Amino acid sequence: MRWIVTKDHHGGCIGLGEDADGVPARGKPEDGDALPVEFRLYTARGRLLFEGRCGDIAADWWHGMEPLLYAWTTFRCRRLTWRPAETDEPWRPLRP
């Protein structure tokens with residue numbers, strides 16, 4: 001699933017992500033504009049580190065875990081929330 005970090009609250013990771021084939025790739029934050037879902041990655045203590053865009057998590061929750069898994073070890077991200085892009089819907093926790 002394609003995903004990209006569009007806002008970096010940690011530093012040095014803007015544009016980090018993966019292409020549609022799951023290969024690590026960098027891009028520009030505006031590359032995420034075409035993706036239908038917004039996500040946020042948090043540490044275990046609830047500190048927001050990254051915001052981004054990705055493919056449809058509701059249709060494919062397994063691949064929706066990819067941003068979280070990528071940031072798990074390096075940044076100690078333990079929680080991902082998501083919502084449809086450009087809506088005021090509440091943020092949902094990632095759950096299978």
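**Close-up views of a sheet and its helix**

**View 1. Seven strands make up an open sheet in this predicted model.** Their order is E3-E2-E1-E5-E4-E6-E7, and the pairing is antiparallel. At the edges stand strand E3 (24-26) and strand E7 (92-93); each has a single partner strand, so one side of each is left without a neighbour in the sheet. As background, strands of a sheet pair through backbone hydrogen bonds, either parallel or antiparallel.

**View 2. Here we look at the place where strand E6 meets E7.** Strand E6 covers residues 77-84 and is joined to E7 by two bridges, with the two strands running antiparallel. Look for Thr 81: its bridge partner in E7 is Pro 93.

**View 3. Helix H2 packs on the sheet.** The helix touches strand E1 (3-8), strand E2 (16-18), strand E4 (37-43), strand E5 (48-54) and E6. The direction of H2 makes about 155° with that of E6. Buried residues in H2 are Glu 66, Pro 67, Leu 68, Ala 71 and Phe 75. Their cover includes helix H1 (61-64), along with E1, E2, E4, E5 and E6. Just after H2 comes Arg 76, with a positive phi near 60°.

**View 4. Let us zoom in on Glu 66, a residue of helix H2 (residues 66-75).** Glu 66 is buried, yet has no salt bridge. Where is the nearest side chain of opposite charge? It belongs to Arg 2, 9.5 Å away. Setting aside neighbours within four places in sequence, Glu 66 is in contact with Met 1, Trp 3 and Glu 18.

How values were computed: Residues numbered from 1 in each chain as written. Predicted model: local features only at pLDDT ≥ 70, side-chain atom pairs only at ≥ 80, totals over all residues. Heavy atoms only, no water. Helix = DSSP H or I, 4+ residues; strand = E, 2+ residues; numbered from the N terminus. Buried < 20%, exposed > 50% of the residue type's maximum accessible area, 1.4 Å probe, protein only. Lys, Arg positive; Asp, Glu negative; His and termini not counted. Salt bridge = Lys/Arg side-chain N within 4 Å of Asp/Glu carboxyl O. Contact = heavy atoms within 4.5 Å. Pairing = 2+ DSSP bridges. Axes fitted to C-alpha atoms, helices over the stretch in contact; angles between N-to-C directions.
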